[in-house]
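Student: Got a minute to go through this structure with me? I'd like to start with the ligands.
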Amino acid sequence: MDRLATELAGLLGEGNVLVSAQDQAPFLTDWLGKYRGAARAVVRPGSTEEVAAVMRLCASHGVPVVPQGGNTSMSGGATPDEAGKAIVLSLTRLNRIRNIDSVGNTITVDAGVVLARVQQATEAAGRFFPLSLGAEGSCTIGGNLAANAGGVAVLRYGTMRELTLGLEVVLADGRVWDGLTALRKDNTGYALRDLFIGSEGTLGIITGAVLKLFARPQARATAFVAVQDTAAALSLLGVVRDRCGDRVTAFEFMTGDCLALILQHIADARLPLAEMPPAAVLVELSDQDDAAALGEKLEAALIGGVEAGLVIDAAVAQDGTQARAFWRIREGVSEALVRAGKAAKHDVSMPVSAMAEFVAAADAAVRTAASGVRPIVFGHLGDGNLHYNLLPGADQDPAVFAVIAPELTRIVHDEIGRRRGSISAEHGIGQLRVAEMPLRKAPIELELMRSLKDLFDPAGLLNPGKLLPGKPLPSSTSN
Ligand code: FAD
Ligand code: MLT
Ligand code: ZN
């Protein structure tokens, strides 16, 4: 162990300071297998105080720190670079559920608590925490906050930013900000909490949070609906919302090519329709109504969709098992894409009304640039968020595709730029998109973000190389 590791072991206990390549390996590559980094040590503090002590020590030594939760980032945000100078600070041992307040409808948790555990604990308490995403079995609340996670229930409940009341944060110098209030209103200064949410570990280490809870839905109604295309799906969303209002909890779109890829790669995914559709939507309502009433509401809305010429076919789940089978299709998409090979992934958002023509324009543009390329498109339609992924054509060499992929990304992101959209709707910038930031953000935005970064992390030790491009050299050394 080098001197730093020895001092860290003195703080955390030797077993919580990993220095061997074997022990470190799971922490040094991302879920997609796109990035592989190196670390001086991987440390696993067990409390806010230990996180603070680690930050004080690293600040005194000028050692960069990469915070990590469940390591499910899709933008390489939790993976260190290859220099091996940083430590990875894993929050997974901060895994206490500190309090559930069923009257105030809040839960207070450590940052390292896994999302699925929060869902289960609140359900057991007769409440509901709505954040839901494919990685919920391993992503942590701290990572959800740092990446401002979205997922499949944003339509009704918002992103992590809207679900959070208070934060506890350890700053770059080891000071602790205890902002763990459960206040729904507090107008006493700047929104410090919201600065840390979505900051991807570059402004501070989140060690605790107070989250909003909701009434536990008494009934759900779920349908798998065949539609013609994005435009028909969007119109159907309007019909369903007009009839069902806020009961619409999820409205997940996928093209026919996406559906075919899932059925090809996910063994237990079954098509609940008579024929493969051109596109499909998974619709879910939830409410305090009884199940029969809710099911009737959904069926009436779908009949409205048929009458409007929007619905080609539909399967309404008759029980929870069928509903879970529908969701199995949707949740299989990320895995299917990984098994299909190295996709050029794009997590984009735009004004909801622009989505149909974006898909048409992007499809045409990428096919002109690379004939045979396969758009695999799915996403959270009501949020204006599409996962616009590209796979090589059946007869296209993946190695050649990998070479042209950056150009395809530029084309897709240019189409997004023309619609004042975002090149990262929910996965964050991480290291994946950091080089594009000067192209896609106005100079004033980059200046303001850089000023905040310099204020919170003047030595640039927090998650270097992520979210913001490297600190510009002072003008005297720019040439
Ligand atoms: P990590 O991957 O460990 O870290 C994510 C970022 O946060 C990194 O920059 C890291 O440095 C930082 N960080 C982690 N913990 C802390 C902390 N305590 N304090 C400060 N910084 C911290 N995302 C969505 O938004 N919507 C989806 O629908 C969605 N679906 C997914 C499906 C699959 C199958 C997978 C693999 C990922 C999916 N994701 C999705 C992406 C990812 O799961 C989310 O971004 C998630 O919030 C990351 O949580 P994590 O604990 O794994 O964080
Ligand atoms: C999803 O919506 O499933 C996620 O954002 C993951 C992905 O884009 O692959
Ligand atoms: Zn998503």
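Tutor: Sure. One definition before we start: a polar contact is a pair of N or O atoms within 3.5 Å. Keep in mind that this is a predicted model.

Student: Okay, so how far is an oxygen atom of ligand 2 from an N or O atom in the side chain of His427?
Tutor: That distance is 2.7 Å.

Student: Which residues surround ligand 2?
Tutor: The shell consists of Met74, Arg330, Ser334, Lys345, Phe378, His380, His387, Glu426 and His427. By class, two are nonpolar, four are polar and three are charged.

Student: How far is a polar side-chain atom of Ser334 from an oxygen atom of ligand 2?
Tutor: The separation is 2.9 Å. Glu426 also has a side-chain N or O atom 2.9 Å from an oxygen atom of ligand 2.

Student: And how much of the accessible area of ligand 2 does the protein cover?
Tutor: It covers 87%. On its own, ligand 2 has 260 Å² of accessible area.

Student: Switching to the metal. What are the protein donors of the zinc ion, ligand 3?
Tutor: His380 and His387 each donate through NE2, and Glu426 through OE. These donors lie 1.8 to 2.2 Å from the zinc ion. His380, His387 and Glu426 are also in the shell around ligand 2.

Student: How are the donor residues spaced in sequence?
Tutor: The pattern is H-x6-H-x38-E. His387 sits in strand β18, residues 385-391, while Glu426 is in the loop between α14 (398-417) and α15 (437-440), so this pair ties together parts that are 39 residues apart in sequence.

Student: Are His387 and Glu426 buried or exposed?
Tutor: Both are buried.

Student: New topic: backbone. What is phi of Asn105?
Tutor: It is near 55 degrees, a positive value in a residue other than glycine.

Student: Why bring that up?
Tutor: Because most residues other than glycine have a negative phi.

Student: Where is Asn105 found?
Tutor: In the loop between β5 (97-101) and β6 (106-110). Asn105 is partly exposed, with a relative accessible area of 22%. The cut-off for buried is under 20%.

Student: What about phi of Asn463?
Tutor: Phi of Asn463 is also positive, near 50 degrees. Asn463 lies in the segment after α16, residues 443-456.

Student: Is Asn463 buried or exposed?
Tutor: Asn463 is buried, because its relative accessible area is 2% and buried means under 20%.

Methods
Residues numbered from 1 in each chain as written. Chains lettered and ligands numbered in written order. Predicted model: local features only at pLDDT ≥ 70, side-chain atom pairs only at ≥ 80, totals over all residues. Heavy atoms only, no water. Near = heavy atom within 4 Å. Polar contact = N/O pair within 3.5 Å; in protein donor to acceptor, adjacent residues only side chain to side chain. Areas by Shrake-Rupley, 256 points an atom, 1.4 Å probe, with all protein chains shown as cover. Nonpolar A, V, L, I, M, F, W, Y, C, P; charged D, E, K, R; others polar. Donors = N, O, S within 2.8 Å, 3.2 Å for Na, K, Ca; no water. Helix = DSSP H or I, 4+ residues; strand = E, 2+ residues; numbered from the N terminus. Buried < 20%, exposed > 50% of the residue type's maximum accessible area, 1.4 Å probe, protein only.
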